[in-house]
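The following exercises ask you to trace how strands pair and where they are enclosed. Work through each task with the sequence and the structure in view before reading its solution.

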Amino acid sequence: MAENKNDASKVTAVKPKVTGAVFVAPLKTALPTDAKTELDPAFKNLGFISDDGIKNENTASSEDVKAWGGAIVNTVQKEKTDKFKMTYIEGMNINVLKFIYGKSNVEGDLDTGITIKVGLEEAEPQVMVIDSVLQGGYLKRVVIPMAKLTELGEISYSDSETLGYESTVSAFPDSDGFTHYEYIQKKG
């Protein structure tokens, strides 16, 4: 039973795939169900992420249930959140701008000029895929069937900092009740 022993070969670090790490597509786009399958062409690459990487905040809070006399007899979950935090650093990537400000609020391209209209409407939910590479030649893919930009950090316009869009994406449950899926598979 080797599975019950510590195994240093199972310790790993995570790097982005060189062909792109974070992709978004409209809801109802065909979702990948493994770590290797090529993404549907509807997925758009959101470019480089800052060296802080991606942080997944998958948290739950609960409340104790007490019986008469003060004994705790149960604990009930009050809420559960699944959020992904990252900073997009390709400040001139049209896909990033459309993700941050909304597809209908960004027009043009770098050659003809880009116009961004900043409004108050909520971001629309999309499908998100995060591709990474683990040590030992393994691929890891996180698939978020319903991802929505729910927080946008302060945008700094400075000659000493890279223009970036610090964001929090909330993952909401799909029709099966899952907020995201993770796939790990040997490359090749």
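**Exercise 1.** Find which residue takes a positive phi in the hairpin of β8 and β9, and describe how these strands pair.

*Solution.* In the hairpin of β8 and β9, where 3 residues lie between the strands, Gly136 takes a positive phi near 85°. This is a predicted model, in which local features need pLDDT of at least 70, side-chain atom pairs count only at pLDDT 80 or more, and totals for chains, interfaces and linings use all residues. Residues are numbered from 1 along each chain as its sequence is written, and side-chain values use heavy atoms, with hydrogens and water left out. Strands (E, at least two residues) are DSSP runs numbered from the N terminus, and two of them pair if DSSP finds at least two bridges between them. By that criterion β8 and β9 (residues 138-152) pair in the antiparallel sense over 8 bridges, and Gln126 has Ala147 as its bridge partner in β9.

**Exercise 2.** Is β8 enclosed or open, and which strands besides β9 join it?

*Solution.* Start with burial, where buried means under 20% relative accessible area (1.4 Å probe, protein chains only). In β8, 9 of the 9 residues are buried, so this strand is largely enclosed by the rest of the structure. Next, β1 (residues 14-16) pairs with β8 in the antiparallel sense over 3 bridges, with Val14 partnering Leu134. Finally, 5 bridges join β2 to β8 (residues 126-134), again antiparallel; Val22 stands opposite Ile130, and Pro26 has Gln126 as its partner.

Key:
Helix = DSSP H or I, 4+ residues; strand = E, 2+ residues; numbered from the N terminus. Buried < 20%, exposed > 50% of the residue type's maximum accessible area, 1.4 Å probe, protein only.
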